[in-house]
Structure formats: C-alpha cells, structure tokens
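Reader: I'd like to go through this one with you before I plan anything at the bench. Could you bring it up?

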Amino acid sequence: MNRRTAFLTTLAVTTFLTLTACGSEEPDAPAKGSGKETLSTAPVSSAPASDGRPAVELPSDLSYTFDWPKTGDKERDAVLADSEQSIKAVDQAIVNQNALDKAYLAYYEGEAAAQTEQFIQAYVDAKARVTGKYRYYHSAVQVRDGGEASLVYCEDQSKAFDMYLKDRKVNKTPVTENSYVLYTTQLRKNDKGVWVITKLLSERGHDQCRP
C-alpha cells in the first residue's frame, strides 16, 4: 500500500501496510522502473456514500478487480464489501495527498490507522501517487462472536505503479514474485455497522498468491 509496494523501507514486507506497486529500494522515492510513460489527465470515477459510509472518488487511471465470490452470509459479505471500500479509500487519500483523509479514517482505527497515515504521508512527502490496475483474489473471511472478523486475501500488483505528480510520469517496474502480496486483516464492527480494520499484515511473494 496497502493497499502495495514497500514505498518506504520502514514499511517493507513484514509491516502493517505495503499498499502500492512493486519494488521501491529508496526510502523517499516511488518504485524504480525499467522505463517511464506519461499519464494523461483522466476523469474521476466515484462510489457514492451509502449507509453512513463515505463517498470514494478516484481517477479513472486506477482500476480494481475483486475476485471475491459472495459467501451467501450477510456478515461475511459485509466484511468483503467494506474491505473493498477501505482499499479504495486509502488510494483516494494518496491521490488527494491528504494523510488525514476522512474516507480512509472511516475504515481504519488504532494501530492500522496509524500505520496507514504513515504510509500515505510517504506519498505526500514524495509528491507521488498510485496508478494502474489492481486485482484481489483468494479471499477467506471469518466472522466471530462479539463483532470481530478476519480476512485473508491476495493482491496482484503486476499492473500497478507509482507516479510522480510533477511530471505525471509512471515508473514502470518489472513483474517479480514480489508483485503478489498476501494480506491478513483483523476487523471489528463499529457502532455504525461498518467493518473497520484494526490490524493489517502483509507478506510479499507468498506461495498462495503467486500465479
């Protein structure tokens, strides 16, 4: 992230968030790539606010595929739906260059919120953001008594990259096993009925996620 590479070395593989494209080696810069391409300005796509959840607006150069089949269970499907929005909300904060963007703060709290703020601020400091295509798959969700849940899933970052805002050039990076990330999240249902993330762990190049 993070939702995807270790944008800072302090947020690398075993930290709470690794939410962008593949492979940054320097602590203050977006991922190095084999080449650069200019990204044209694109219109904004949006998901309207609903049921007390914030609206999320993202430029159309960002796209998301969630290969998360419905479980048929109301609460488990709600965990999946809120998790989708939480991923997009972090990217909105990066696009907005706002480490305290209200949308993502509606989906993260405690330890996870603090780490997410640090992650977003790294992009703000570098005047960069994410772009490209993300895919999510191999989801496994469990809901426990007391309004707690866990979600494990994979992220494919092979077509997602970092972009400097000054010249809008995309840093292309090669696809490696580290382009595939396993996430483990802990969630709780808050008093508004939203499943919020309290902890988030990631592991790059996990066997479960590699094609």
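Reader: Is R53 buried or exposed?
Author: In this predicted model, R53 counts as buried at 17% relative accessibility, where buried means under 20% relative accessible area, exposed over 50% and partly exposed in between, with a 1.4 Å probe and protein chains only. Residues are numbered from 1 along each chain as its sequence is written. Local features need pLDDT (the predictor's confidence in each residue, from 0 to 100) of at least 70, side-chain atom pairs count only at pLDDT 80 or more, totals for chains, interfaces and linings use all residues, and side-chain values use heavy atoms, leaving out hydrogens and water.

Reader: And which residue forms a salt bridge with R53?
Author: That is D82, with the closest N and O atoms 2.6 Å apart; a salt bridge here is a side-chain nitrogen of Lys or Arg within 4 Å of a carboxyl oxygen of Asp or Glu. D82 is itself buried, with a relative accessible area of 4%.

Reader: How many salt bridges are there in the whole structure?
Author: The search finds nine, among them one between E75 and K189 at 2.8 Å, N to O. E75 is partly exposed at 26%, and K189 is partly exposed at 33%.

Reader: Switching topic, what does C154 pair with?
Author: C154 is joined to C209 by a disulfide, S to S 2.0 Å, the term being used for a pair of cysteine sulfur atoms within 2.5 Å. C154 is buried at 0% relative accessibility, and C209 is buried at 2%.

Reader: Where does pLDDT stay under 50?
Author: Over residues 5-43. Where pLDDT is low, the predicted coordinates should not be read in detail.

Key:
Contact = heavy atoms within 4.5 Å.
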